[in-house]
Every structure is written in C-alpha cells, then in structure tokens.
Amino acid sequence: MESSDLLKIIQGIPKAELHMHIEGSLEPDLMFEIANRNNIALAYDSIESLKNAYKFNNLQEFLDIYYTGAQVLIYERDFYDLTWTYLCKVYSQNVVHVELFFDPQTHTDRGVEFDVVINGIYKALVKAKKELNISFQLIMSYLRHLSEEEAFKTLESSLPYKQWIDGVGLDSSEKGNPPSKFVNVFKESASHGYKLVAHAGEEGPADYIWEALDLLNVVRIDHGNRCLDDEALVQRIIDNNIPLTLCPLSNVELKVIQRMEDHPVAKMLQKGILATIHSDDPAYFGGYMNENYYETAKALNLNKEQLMQLAVNAFEASWLSREAKEKHILEVKNYFDTLNL
Ligand code: ADE
Ligand code: ZN
C-alpha cells in the first residue's frame, strides 16, 4: 500500500487513546511559552536545542527530562492550556475517546497544589466533551520511585475530587520498584471506587506483570511487552481478557525494542491478546495516535483486519459503557467496510 493511502486510512479510523501521560504531551513550543510567562529559565536556549536533548537510552533518561520539562507548569491556566492543546491535536486525528494519566506528585512535590493541577486538566476535558465531542476518563498515577506512604498522601488529596477521577495507575521508574510495593494503596484506592491499572513489563520483568495482576488486581496492563517471556502469563492474560496498552514509538525511543520491525503487537494479536496501540508521551516520542498506528503498520506490514482489530480493541479495553463501546465499534467496522482495499 502507498504511504499516503495508509496515512489516509489511519486518519479516518475513529480512535480511543488509553495510554497517554498529559505531562508527556507538553510540546517544546508550549513549554517555552509557559516558561516565559512564568519567568522560568529553561536549561535550553531554543526549541531546537531542547529537541536535540530528546535522545534516550532507557526509561530513566527520558523521565529525567520529562520531570524537568513539567516544572514550567505552575498555575491552573498552565494545566488547562496543556490539556486543551493536546485535545485539539487529537481531535484533528479523529480520536473520539481519551483516558488520560496525570502525575499529581510531579507537581505537588514542587509545591503546586493538587487542586490547581486537577482543576486545569478537568476544565479542559469538560470543554472538549462539549465542543469536540471527545469523551474522557481521568487516571491518577502514583509515582513508583516514591514511597507507598507518599502515594497514600496523594490518594488522600484526591478524595475531594473523586467524582472526577475514574482510576489510579502506577508509573515512573519501573526497575527496582515492583507493584508489590503498592499493594496497600491500591487496595485503599479500590475501596474508594477507583479502577486500577499499572505500568508493568515495559523495562521490568514478566514477574512484575504477575504482581500487577495478582497483588494489585489491575484491570489493564500498561505496556506489558515482557509478558511474551512467560507462556503461562500470556495464557492468563488471554483467559482473563486483560488489555495491554502498547506504545510502539515509545518502545523504540526508550530502547525497549531496537527497531519498530521487532514490535510484538502483531504477535500479540495473533495469540488473541487484547492488544491496543497508544502514544504514551507524544511530545517526546515523535507522535500521537496516527503516527503510532502509521509507523507500526508500516514496519509490521499490518493489514486491514489487523488495523481494524487494534481500533476495536481500544474501545473494548476502554472504560466506556457497554452501549458506548458498541456504538464506537460499529463506527469502526462501518468505516473499514467503506474502504475499498
Ligand atoms: N511516565 C511517563 N511515561 C512513562 C513511561 N513510558 N513509563 C513509565 N512512566 C512514565
Ligand atoms: Zn506510560
């Protein structure tokens, strides 16, 4: 298939984004704009030199830059602009549903109040629902390099806003910070009605995926690439229909895989895993939903059925109502029916 045809097909697919850190959508131009108005000096003198720093050998090298970039975000308006800019971008890519992560501790640890963060993000989401017809869910992530006690403090801060927050997640430095470290706070989070997800098996071993499932009781695994090291785990994931929210461009940029051609998504689909494709930190990894679909489809030579399966899986794996899932899945199927491939 011609590249331009593939791009056109991907553009038209109604898509759901289930794995995206809102702080990871901070594009260099917006970072400079917000830094200027907040009188914050960045360590880079131009967008160009900032972008040149986006070369990572592993997750930690990325996280160091990502947390530094997030330091420009101080006021509610900053979180609002960040989120609104992201939502307008994905609207242009025919994303119709988003489930966004935010990392409160990245901000509260710098003295920015929880209320400031969530108010900015939530107001932009509500506006996008009204004006762009993008439905949403919000997921609060605990930073796993910090202690469980600190996660408990974050949970406490979130409770006045619990009607705005749909779930909790676990992100940041995976190696050496297993899911077992957060058993109590996940249990307590569930008791408040939060759904549970966790990053696992991105850089960490398959054992961390077992822990996320068995000890944290998560309903979805973010990444989960390493499940393929363990046949019994793959069977468990299939039997329980556990979605894996994969992020192909992120995996290449963070050297989780060496080349896009090595990405396991096609193998996972073939095994019957509910695999989905997302963008993780689009401002840092070279692309949003369309670019992730495109680079993956091109490298793995995905066919029409596989592309459709990925789009259907994302709605299936979402936290939308059954009725809304069916509606979107029908739209995806109708769209592919209209394509003459
Ligand atoms: N926070 C933002 N992006 C992340 C990733 N890819 N893995 C873990 N934590 C993250
Ligand atoms: Zn992630």
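1. Start with helices α2 and α5. In this predicted model, α2 covers residues 28–37 and α5 covers residues 76–91. Their axes cross at roughly 165°. Angles over 145 degrees count as roughly antiparallel, so α2 and α5 are roughly antiparallel to each other. The axes come within 11 Å. The crossing of α2 past α5 is right-handed.

2. Which residues of α2 and α5 meet? From α2 come Leu30, Ile34 and Arg37. From α5 come Arg77, Asp78, Asp81, Leu82 and Thr85. Sorted by class, this contact has four charged residues, three nonpolar and one polar.

3. Next, helices α8 and α9. Helix α8 runs over residues 148–158, and α9 over residues 183–191. They pack at an angle of about 15°, and their axes lie 9 Å apart. Angles under 35 degrees count as roughly parallel, so α8 and α9 are roughly parallel to each other. Here too the handedness can be read: α8 passes α9 in a right-handed crossing.

4. Look at the side of α8 that touches α9. Glu148, Ala151, Phe152 and Leu155 belong to α8. Their partners in α9 are Val183, Asn184, Val185, Glu188 and Ser189. The contact of α8 with α9 holds five nonpolar residues, two polar and two charged.

5. Now helices α16 and α17. Helix α16 spans residues 304–317, and α17 spans residues 322–338. The two axes come within 9 Å and cross at roughly 165°. That angle makes α16 roughly antiparallel to α17. Their crossing is right-handed.

6. What does each helix bring to the contact of α16 with α17? Helix α16 supplies Lys304, Leu307, Met308, Ala311, Val312, Phe315 and Glu316. Helix α17 supplies Arg322, Lys325, His328, Ile329, Val332, Lys333 and Phe336. By class, the contact has eight nonpolar residues, five charged and one polar.

7. Turn to the metal site. Which residues coordinate the zinc ion (ligand 2)? Three are histidines: His19, His21 and His199, each through NE2. The other is Asp280, through OD. The donors sit at 2.0 to 2.2 Å.

8. Why is the arrangement around the zinc ion (ligand 2) irregular? The four donor atoms subtend angles of 85 to 173°. Four donors count as tetrahedral if all angles lie between 85 and 135 degrees. The range of 85 to 173° makes the arrangement irregular.

9. Finally, trace the zinc donors along the chain. Their spacing is H-x1-H-x177-H-x80-D. One pair links distant parts of the chain: histidine 21 and aspartate 280 are 259 residues apart. Histidine 21 lies in strand β1 (residues 15–21). Aspartate 280 lies in the loop between β8 (275–277) and α14 (282–285).

Technical notes:
Residues numbered from 1 in each chain as written. Chains lettered and ligands numbered in written order. Predicted model: local features only at pLDDT ≥ 70, side-chain atom pairs only at ≥ 80, totals over all residues. Heavy atoms only, no water. Axes fitted to C-alpha atoms, helices over the stretch in contact; angles between N-to-C directions. Helix = DSSP H or I, 4+ residues; strand = E, 2+ residues; numbered from the N terminus. Parallel < 35°, antiparallel > 145°, perpendicular 65-115°, else oblique. Left-handed = near helix turned anticlockwise from the far one by under 90°. Contact = heavy atoms within 4.5 Å. Nonpolar A, V, L, I, M, F, W, Y, C, P; charged D, E, K, R; others polar. Donors = N, O, S within 2.8 Å, 3.2 Å for Na, K, Ca; no water. Tetrahedral: all angles 85-135°; square planar, octahedral: opposite > 155°, others 65-115°.
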